[in-house]
Structure formats: C-alpha cells, structure tokens
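Student: Could you take me slowly through one part of this structure? I would like to look closely at a charged pair and at the parts of the chain around it.

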Amino acid sequence: MSFPAFVDAGTDPLFTRRGSTAVVYMRLIGTLDFGEFRRVWAGRLAKELKLKPHTVGAALRALHEAGYIERG
C-alpha cells in the first residue's frame, strides 16, 4: 500500500461501485504502516466499521486483487 495508490483510488471504479471497499480502504490507510506487515482481522474490522464480516472479507479480497494491499 502506498500513498500514490491512495490518490489513484479516487478514480478507480472499484471504489465507486462498492462503497464498502472504499470505507475499508480508508480505514486501512489510517491504521496500517507503509513499511510493516500487520495482520488484519475481518471480524474486528467489521465490528469497528459496523459492517458484516462477509462484506469486509469481500472488500479485502477486492483490494488484494486490485493490488492496493498485499497478503502477508
């Protein structure tokens, strides 16, 4: 995840079609570090964002497939 990716995300159709993906990505930008891998728990993230766990899981999968986040 990098800052240019954050800027490009504003025009990416992935975020305009699915608002939950944008919400999850914004939360990750605020909590994750650029130089250190950290485990993200979908259930915990869902509780913080008041979303369903499967919605967060789908958003994380979409972000991974689009190259915004890496699987560690």
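Tutor: Let us begin with a term: a residue is called buried when its relative accessible area is under 20%, exposed when that value is over 50%, and partly exposed in between. Please keep in mind that this is a predicted model.

With that scale in hand, consider Glu48, which counts as partly exposed because its relative accessibility is 42%. Its partner is Arg27, with which Glu48 forms a salt bridge whose closest N and O atoms are 2.7 Å apart. The two belong to distant parts of the chain, since Glu48 lies in helix 4 (residues 42-49) and Arg27 in helix 3, 21 residues apart. Arg27 is also partly exposed, because its relative accessibility of 33% falls in the middle range. As background, side chains of opposite charge can pair when their charged atoms come close. When a salt bridge is taken as a side-chain nitrogen of Lys or Arg within 4 Å of a carboxyl oxygen of Asp or Glu, the count comes to one.

Now follow Arg27 back to its own helix. Helix 3 covers residues 19-31, and its 13 residues should span 18 Å at 1.5 Å a residue, which agrees with the 19 Å between its end C-alpha atoms. The buried residues of helix 3 are Ser20, Thr21, Val24, Tyr25 and Leu28. These buried residues lie on the same side of helix 3, because they cover an arc of only 135 degrees around the axis. It helps to recall that an α-helix has 3.6 residues a turn, so residues three or four places apart point the same way.

One of those buried residues, Ser20, leads on to another helix, for Thr55 touches both Ser20 and Arg18 when residues up to four places away in sequence are not counted. Thr55 sits in helix 5 (residues 53-66), and Thr55 counts as buried because its relative accessible area is 19%, which is under the 20% limit. Thr55 has company in helix 5, where the buried residues also include Val56, Gly57, Ala58 and Leu60. Just after helix 5, Gly67 takes a positive phi of about 90 degrees.

Finally, place these parts within the whole chain, which has five helices and zero strands. Buried residues make up 31% of its 72 residues, and among contacts between residues at least 6 apart in sequence, 55% join residues at least 24 apart.

Conventions:
Residues numbered from 1 in each chain as written. Predicted model: local features only at pLDDT ≥ 70, side-chain atom pairs only at ≥ 80, totals over all residues. Heavy atoms only, no water. Helix = DSSP H or I, 4+ residues; strand = E, 2+ residues; numbered from the N terminus. Buried < 20%, exposed > 50% of the residue type's maximum accessible area, 1.4 Å probe, protein only. Contact = heavy atoms within 4.5 Å. Expected span 1.5 Å × (residues − 1). Arc of directions from axis to C-beta.
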